[in-house]
Amino acid sequence: MPIQLTRFGIILGLLFLLPWLALMVLGGLWLWEHGWLFYGVGVLTAFLLLLISLLRWRNKQTKALVIEPLTIPPNPNWPDAAQPAWTAIEQLAKTWSTTADPFTGPSTVLKLSNEVLITVARQFHADSKNPVMEFPLPYLLKLIVLVCEDIQHEVLDKIPGSHAVNVGDLLRYKQWYDTLATMKQAVDVGHFFFNWPGAALSKLRSSLMGKGLNLVTEELRHRLVNAYIRKLGYYAIQLYSGQLTLDSIVPTDTLTHYSQQDRDQAEGDAQLMEPLRILILGQISAGKSSLINALFGEIKSAEGLLPTTPEITPYVLERDGLQQAIVLDSPGYGGLQHDKVPDALKQEWAKVDVVLIVCNAAQAARQADARQLDALRRYFQEERQNQALPVILAVATQIDRLRPVREWQPPYNIQNPTQPKEHAIRQACAAIAQDLSLSLDHIVPVCMAPEHSAYNIEEGLIPLIHDQLNEAQRVRYLRCLRHQQDISYWKHWKQQAITAAGTPTAAARRPRAPGKRRGPQGCCPCCP
């Protein structure tokens, strides 16, 4: 029980203190009579100043806290719409970091949590009157399970002995600590009576150490607030962007049905993992078939001045560092509008990870290419917001026909051009980048003329695809995730319909193991 000071205790303390006060007064009088009082005060003052200086220096040296930062990076597989949401969460974390203490009461925590959820929900459901409620109930329950598992791992990994301490033990330890703190105050009073100089120095040291602890507490509070906001914002983006799945699966580990069909059509080897899908676009006679033949190193597609690909044609490509990919050859276009895009080609947009658009570097007519990419971008902005835009790379073909036409002595350095041919190639690539609204480093010049050997395929195009693999794998992940979610959506509808109709499920039809029988009430397998 806490110790209470009574009137008798106060009087007893004063009586105990009076002899020591008298001794201090007599000692000071003796120093004054012998002329040593000022020397004694000066020595004591110098000693105290030296002690204070040392403590302050030590405090400054230990001001840099040895606390590992609680870093919560964004998910690299998030769709494009999640990036503004995460930026808003980081800005919100900076705003709340200046708050005195958001964890002082449940109302403040609730306000903070609500603000985080609204910030994220508005990014994905801006047209909704109540964007926070735009999620299915099973996904919320799934999110709660994931958060609890995450907290469980954090507690087990970061708090030693947490698996062996009961909550009741923590409450008892707290009561014992309060009792010891009260007893310590009484001991400090007695220590001051017996050794007042040492007690004063100890009090001064405790005061300075208390400031250091306040710095530690402030730094820890700041980091906890940032971690809480970012963690909650992370899971909120997972929820509202459709990243959660009710089934514990890795989307890319399962082959989609359309990739299986393309693989069967291309007579490729069986593979369970979803491959990278590359779509070849381009105008008529731009060089798509020549590019495919150069990628494979053999004749795969017929070449000619007329369109030779009446429909989407898949090819299985295997290269070092690329694992396995499906290359889709599309029919040539010219002058297409968004509403006139062939349905077969438009359906492939949501099924690919990389788009290689083939442009004739010797021709300036690229309006059809620009309209094709604009239609592709609008399609993902309006109809596929929960996916990511495929990686778009432009292949500038027929660069051997650029001026000077008769010159062809590769390799050419277009990064730092010095020759007329190099300047012409770089200008053509810059024009393609401007017309198609692409970055210049996403344009690769190649030559696949029959009279020349293939140029800049192995040296330029393949390395460029490798450099974009991380982004392409993010696009593939989101593509497979949406595919698996669609399958799961209809699968749960089927299961619920079967359950509502009273048809026994596979689990209910499964025979029981021998020797296991339930009691009259079905309470447990071991009931008699």
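**Aromatic pairs and a nonpolar surface patch**

The structure holds 12 aromatic pairs. The model is a predicted one. A pair of aromatic rings is described by the distance of the centres and the angle of the planes.

Take Tyr234 and Tyr235. Their ring centres lie 5.6 Å apart, and their planes meet at 90°, so this pair is edge-to-face. The cut-off behind that label is a plane angle over 60 degrees. Tyr234 has a relative accessible area of 18%, so this residue is buried. Tyr235 is buried too, with a relative accessible area of 12%. Buried here means under 20%.

A second edge-to-face pair joins Trp408 and Tyr455. Its rings are 5.6 Å apart, centre to centre, with 90° between the planes. This pair links distant parts of the chain, 47 residues apart. Trp408 sits in the loop between strand 5 (391–397) and helix 12 (420–436). Tyr455 sits in the loop between strand 6 (443–445) and helix 13 (457–467). Both residues, Trp408 and Tyr455, are buried.

Back to the tyrosines. Tyr234 and Tyr235 belong to one aromatic cluster, together with Trp78 and Trp86.

Now turn to the surface. Which residues form a nonpolar patch there? They are Ile11, Leu15, Leu18, Leu21 and Met24. Together these residues have about 460 Å² of accessible area. Leu18, one of the patch residues, lies in helix 1, which covers residues 7–33.

How values were computed:
Residues are numbered from 1 along each chain as its sequence is written. This is a predicted model: local features need pLDDT of at least 70, side-chain atom pairs count only at pLDDT 80 or more; totals for chains, interfaces and linings use all residues. Side-chain values use heavy atoms; hydrogens and water are left out. Patches are made of residues with over 30% relative accessible area and no salt bridge: like charges are joined within 9 Å, nonpolar side chains (Val, Leu, Ile, Met, Phe, Trp, Tyr) within 5 Å. Accessible areas come from the Shrake-Rupley method with a 1.4 Å probe; for residues, only the protein chains shown count as cover. A salt bridge is a side-chain nitrogen of Lys or Arg within 4 Å of a carboxyl oxygen of Asp or Glu. Helices (H or I, at least four residues) and strands (E, at least two) are DSSP runs, numbered from the N terminus. Rings of Phe, Tyr and Trp (its six-membered ring) pair if their centres lie within 6.5 Å; planes under 30 degrees apart count as stacked, over 60 as edge-to-face and the rest as tilted. Buried means under 20% relative accessible area, exposed over 50%, partly exposed in between (1.4 Å probe, protein chains only).
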